[in-house]
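Visitor: I would like a close look at a single part of this structure, with enough of the surroundings to place it. Please show it before going on.

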Amino acid sequence: MTDQVTHQVTAARSVERIIQGQAVMDGAGVKINRVLTQTLQRRLDPFLMLDNFGSDKANDYIAGFPSHPHRGFETVTYMIEGRMRHKDSAGNEGLLTNGGVQWMTAGRGVIHSEMPEQEDGVMEGFQLWLNLPAKDKMRAPWYRDFNGADVPVFSTEAGAKVKVIAGSSHGVNGAVQREVTEPLYIDVELPAGASFSQLLPEGHNAFIFTYRGSVNIGDKAVATGRMAILANTKGADGVVIEASEASRFILIAGQPLNEPIAQYGPFVMNTQAEIFAAVDDFRAGKLGEEAQV
Ligand code: CO
């Protein structure tokens, strides 16, 4: 239980826009709901992409994501249910299972694979791409796996159950902290009728994605499979989310970088010249080769 008073929101943000994701295929043929698409990268800076995968049909996920490169940003994979094995060029290997989180900082380059380790049943989760500031894009890669049990959790008196993947919520520090982008990433489960408040710095871009039930923010409903972009209202200090039925959602916020974004597939840099260099390095086999963490 945590103290409600010190975490009270006095001026709540409203919903600026409700987004329905796009059905896409990625990897070797995995069905994905791309919630945060490239057209929203500027508005939701420092976040570059959010994919939601969820299916009980093996054909939708079994092909996985065979060996592919990344440079210039971080990937955060949160597995709600299922088993996915990760291997990379830095010699890291890990099995991501129910409630687990994998945080990978590609930096100057990682080549990795993300493959399902199940032949049936449900696979459900999220992959978020978080940009790196220009000064860190060519840093050494970093990687960490967190079991479900290692992700900090707390409950509120109102009945919210909150997992803190990154940043800090109600005084509870998450599994990962980042200085420049200051990401907040929480997963909230709310019983019907309960509400949850989260303080948010005024200038940070923020959104929620509902993946069970339906929640209300002010007079706007955010149903299952919908993302709500929260308005950057001047003077607002947070958000209040109320469950109209038993619900689960993720809330993500971060400090915008306000730097140029140049993306070509799995490379996200600041300029076109840096993108060409990334492609050249990858073709020359130089991307990821020296990457011992
Ligand atoms: Co990847």
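Visitor: How much accessible surface does the chain have, and what percentage of it belongs to carbon and sulfur atoms? After that, please take me into the largest nonpolar core.

Guide: The model is a predicted one. The accessible surface of the chain comes to about 12,300 Å², and carbon and sulfur atoms account for 48% of that. Charged side chains number 26 positive and 35 negative, with the centres of the two sets 3 Å apart.

The overall form sets the frame for the core. Two helices and 26 strands occur in the chain, and its C-alpha trace spans about 55 × 45 × 30 Å along the principal axes. A compact globule of 293 residues would have a radius of gyration near 19 Å, and because the chain has 19 Å, the two agree. Of the 293 residues, 54% are buried. Among contacts with a separation of 6 or more, 74% join residues 24 or more positions apart.

Now the core itself. The largest nonpolar core holds 28 residues, and Leu50, Phe126, Tyr185, Phe207, Met227 and Ile250 have the most contacts inside it. Take Phe126 as the point of view. With neighbours within four places in sequence set aside, Phe126 touches Leu50, Asp51, Asn52 and Phe53. Its contacts also include Val76, Thr77, Tyr78 and Ile80, and further along the sequence Tyr185, Phe209, Tyr211 and Ile250. A second core, separate from this one, has 26 residues, among them Leu184, Ile186, Ile208 and Ile241.

Terms used
Residues are numbered from 1 along each chain as its sequence is written. This is a predicted model: local features need pLDDT of at least 70, side-chain atom pairs count only at pLDDT 80 or more; totals for chains, interfaces and linings use all residues. Side-chain values use heavy atoms; hydrogens and water are left out. Helices (H or I, at least four residues) and strands (E, at least two) are DSSP runs, numbered from the N terminus. The radius of gyration is taken over C-alpha atoms; the globule rule is 2.2 Å times the number of residues to the power 0.38. Buried means under 20% relative accessible area, exposed over 50%, partly exposed in between (1.4 Å probe, protein chains only). Contact means heavy atoms within 4.5 Å. Accessible areas come from the Shrake-Rupley method with a 1.4 Å probe; for residues, only the protein chains shown count as cover. Lys and Arg count as positive and Asp and Glu as negative; His and the chain ends are not counted. The place of a charge is taken as NZ of Lys, CZ of Arg, CG of Asp or CD of Glu. A nonpolar core is a set of buried Ala, Val, Leu, Ile, Met, Phe, Trp, Tyr and Cys residues joined through side-chain atoms within 4.5 Å.
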